[in-house]
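Please walk through the helix packing and one of the pockets of the structure shown here, taking the elements one group at a time.

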Amino acid sequence: MSEILAAFLDAYADALRRHLAAPERDGLAEAHELGRRALVEGISLLDLTENHFRVAKQVQVEADERETAGDGAARADSPLAEHALEFLLQTLITLDVATRGYLDGTRRYEQQRSRADDLAGRDEFRTALVESLQDGFFVADARGTIIEVNKAFGELTGYGAPGVPYPIPHPWSIPEGPRYPDLGTEAARFVVPIQHRDGRRRWIGVSTSALVKPDGEEHIFVGTVRDVTAEHDAQARDQAANRLATALASATTVAEVLEVGLDELRRTVGAETAVVAVWAGHAAPKVYLSGNPPAGEGGTGLNPGTEAILERARLRPGRTLIAVPEGAGSAEGIVAPLGETGDAALWLRFPAPRVVDAADWTLFSLLIGHLSLAVQRARNFDQARSTSLTLQRAMLGPIELPPRFSVHYEPALPPLEIGGDWYDVVPLPDGTIGVVVGDCVGRGLSAAVVMGQLRTAARALLLRGAGPAQLLSELDPVAARIPGALCTTVCAAVLDPVRGLVRYSNAGHMPPILADVDKTGRLLEGGRSVPLATFETLRRPEATTPLPPGSTLVLFTDGLVERRGEDIDEGFTKIAETLADSARKLPREVADSVLSALRPDGGYDDDIAMVVYRQPPEPLRLDLPARPDRLAMLRRTLTAWLSAAAVPHNLTADLVAATNEACSNSIEHAYQEGASDTERVVLTAACDGDRVVIETTDTGTWRPRPADPGPRGRGIDMMRALTEELEIDHPGPGTRVRMSVTLPAITFPVASALRGSNNRSRGGTMQQDRETHGRL
């Protein structure tokens with residue numbers, strides 16, 4: 001069976017089934033068209049009839065089975081056979097006419113071969129029949145030259161019968177358009193654009209068939225053409241709208257919407273320039289530009305004429321399109337209001353004046369409508385973002401941390417900047433410090449609402465004196481009554497800096513990581529239990545671990561270590577290895593190092609909350625020869641110790657300068673006979689709670705300060721200015737200088753700066769201060 005026959009039989013079976021299922025539709029018209037197709041493609045009547053009765057019988061059997069299944073007996077008066085016969089007869093009309101015409105012609109040819117008048121009559125009939133067709137009809141030779149056309153063909157292309165023949169390239173073809181498919185020996189169908197004689201562009205659907213001349217030596221091709229411009233334009237509009245919607249899908253600010261949308265809109269409609277002016281309550285509009293700016297204008301301003309046009313357009317009703325100039329036969333551009341607030345308008349300027357037809361108006365209206373909706377969506381998003389930031393600031397609240405702490409919060413939903421992870425650091429009356437880190441299920445505003453309620457409840461429990469395990473146990477019923485709080489994970493800890501202990505309990509959360517000085521961190525995996533509000537637990541476990549002097553403790557949420565396609569243990573290992581080199585870094589610098597080490601290429605895709613704590617280091621003691629060449633080593637050692645004690649850099653610089661001055665005085669003035677290895681300067685430094693105490697002692701002679709020290713002798717004044725308390729004791733041989741400062745509380749902002757709020761033109765940059773963004 002040939003491919004042409006198989007395709008025809010399949011098409012016939014499908015059409016017959018549709019007609020039998022719904023006889024009231026235009027199935028008989030489709031049958032008639034199938035008959036014409038059978039005639040053109042040379043389908044055998046036997047094949048057609050056999051296929052018809054096979055399909056009709058199968059449909060009847062299926063109908064009987066449905067009737068039997070429905071009421072137990074098949075109906076004998078089914079009209080399927082009658083409808084099937086009607087369909088077959090309608091199909092055979094064309095074949096019958098062709099067959100009878102062929103038989104009559106053969107008989108006439110055999111009987112009166114020389115009767116030219118009869119042949120002329122047949123030619124006249126054929127000509128009349130071809131001219132009566134509503135579709136364009138043409139005949140082409142083997143070289144593609146059009147040698148015959150009907151009246152409809154001339155109306156469709158502008159090139160009628162008087163101009164034949166039309167050799168390739170045909171006068172209606174478009175040089176930059178697609179090439180015609182090669183004419184073959186089988187039926188071909190294709191759609192191409194053409195240029196009408198009057199200049200209009202149309203799209204035509206072409207159907208061709210190959211025939212052989214009676215002499216059998218040359219092929220000719222006959223075909224029909226149909227105007228499919230409306231269908232093509234509709235499809236093109238849908239594709240253009242889909243491209244624009246896709247381009248705008250990820251834009252969340254008005255600047256991003258216009259930057260992406262104007263470029264796509266300008267390319268789609270063939271405009272040279274696309275300009276949007278937004279007044280937004282200001283006297284001068286803000287201008288967004290795509291393409292070449294109009295003459296006399298730049299990307300930041302409009303000339304008075306253009307601004308006046310846009311000013312009038314923005315006050316028109318939504319979805320209004322106005323040609324510029326109005327009422328002219330051809331338009332230089334199109335203006336339209338943009339958005340729903342009456343404060344923005346769009347201008348599309350064409351490279352040259354053009355006629356805007358109904359299809360153009362439909363396309364422009366559709367695309368500008370999409371852009372207007374995207375602008376309004378971005379404005380709504382801005383309002384939601386502002387609300388979200390306000391809510392998050394209220395939930396996290398201004399926080400003042402004790403010394404030696406750092407916290408970090410980074411949401412995964414920029415630019416909403418809000419999520420369900422949280423932290424809290426609460427100094428308690430007995431000198432201990434409560435720390436809570438939690439992670440609510442989900443993201444966005446709903447998760448933030450849950451987070452705020454649980455954070456407030458946890459803080460209240462800590463201040464009431466609840467330990468870690470008791471805190472989690474009492475949070476269970478609270479979480480059970482908060483919609484969306486199911487399966488929240490929390491790690492609660494109470495730090496005792498004086499005794500060097502941490503008590504903690506973990507409700508399904510990431511284990512804290514503790515790193516001793518210059519050692520790889522280790523997971524604290526004790527005290528583990530299920531997340532909040534999942535199962536009833538009689539008592540949650542609790543674990544206690546020593547905090548070695550100078551050690552670093554990190555508590556965090558899962559967004560820091562969880563990666564799609566990666567083992568979570570790899571994240572733990574990276575944190576542990578990073579902490580091995582953090583003993584002399586400030587807690588804030590430790591947080592930055594951890595985030596840099598684990599940051600994926602595309603940025604974090606989940607919220608992150610992290611708390612870093614530094615346990616005070618062992619007291620420092622240096623016993624050095626009283627020589628000036630040892631001062632540099634003393635400064636380096638003291639600076640490293642102060643960093644390990646989490647003393648801020650500016651305060652470290654003050655303390656090092658004051659200590660250097662005290663030791664210099666001992667070296668220069670206490671040992672007047674010259675220093676030797678037996679003459680020493682002893683430096684001690686220790687953390688006493690929130691205070692740092694530094695002492696220097698020597699065994700030399702105290703020299704009173706002269707009444708007029710001259711240009712020197714300001715060392716004691718400088719030490720007093722650089723420290724909070726200064727004590728100098730010289731009861732006998734030797735002098736002791738004691739300096740102390742109180743470590744300041746650390747105040748952090750509560751939320752990241754709003755991202756993407758500053759609109760820039762294309763080619764500019766959008767810079768963010770990473771030192772401020774994301775760090776609390």
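In this predicted model, a convenient place to begin is the pair α7 and α8, whose crossing is right-handed. These two helices pack at an angle of about 160°, with their axes 9 Å apart, and because angles over 145 degrees count as roughly antiparallel, α7 and α8 are described as roughly antiparallel to each other. On the α7 side the contact is formed by Ala240, Arg243, Leu244, Ala247 and Leu248, which meet Val257, Val260, Gly261, Glu264, Leu265 and Thr268 of α8. Sorted by class, the contact of α7 with α8 comprises seven nonpolar, two polar and two charged residues.

Both helices reappear in the second largest pocket, which has a volume of about 770 Å³. Its lining consists of 25 residues, and those closest to the pocket centre are Arg201, Trp203, Asp233, Asp357 and Asp360. The elements that contribute two or more residues to this lining are β4 (201–212), α7 (229–248), α8 (254–269) and α10 (358–396); of the lining, the largest share, seven residues, comes from α7. By class, the lining of the second largest pocket holds nine nonpolar, five polar and eleven charged residues.

Turning to the start of the chain, helix α1 (residues 3–21) and helix α2 (residues 27–41) have axes that come within 10 Å and cross at roughly 170°, which makes α1 roughly antiparallel to α2. The crossing in which α1 passes α2 is left-handed. From α1 the contact draws on Ile4, Ala7, Phe8, Ala11, Tyr12, Ala15, Arg18 and His19, while α2 supplies Gly27, Leu28, Glu30, Leu34, Arg37, Ala38 and Glu41. In terms of class, the contact of α1 with α2 has nine nonpolar, two polar and four charged residues.

A further helix pair is found later in the sequence, where the axes of α13 (residues 568–579) and α14 (residues 587–598) come within 10 Å and cross at roughly 140°. That angle is neither over 145 degrees nor within the range of 65 to 115, and α13 and α14 are therefore oblique to each other. Their crossing is right-handed, and the residues that meet are Gly571, Lys574, Ile575, Thr578 and Leu579 in α13 and Val590, Ser593, Val594, Ala597 and Leu598 in α14. The residues of this contact divide into six nonpolar, three polar and one charged.

Conventions: Residues numbered from 1 in each chain as written. Predicted model: local features only at pLDDT ≥ 70, side-chain atom pairs only at ≥ 80, totals over all residues. Heavy atoms only, no water. Axes fitted to C-alpha atoms, helices over the stretch in contact; angles between N-to-C directions. Helix = DSSP H or I, 4+ residues; strand = E, 2+ residues; numbered from the N terminus. Parallel < 35°, antiparallel > 145°, perpendicular 65-115°, else oblique. Left-handed = near helix turned anticlockwise from the far one by under 90°. Contact = heavy atoms within 4.5 Å. Nonpolar A, V, L, I, M, F, W, Y, C, P; charged D, E, K, R; others polar. 1 Å grid on protein atoms, 1.4 Å probe; cavity = no way out; pocket = protein on both sides within 12 Å on 5 of 7 lines; lining within 4 Å. Points joined across faces, edges and corners; volume = space filled by probe spheres on them.
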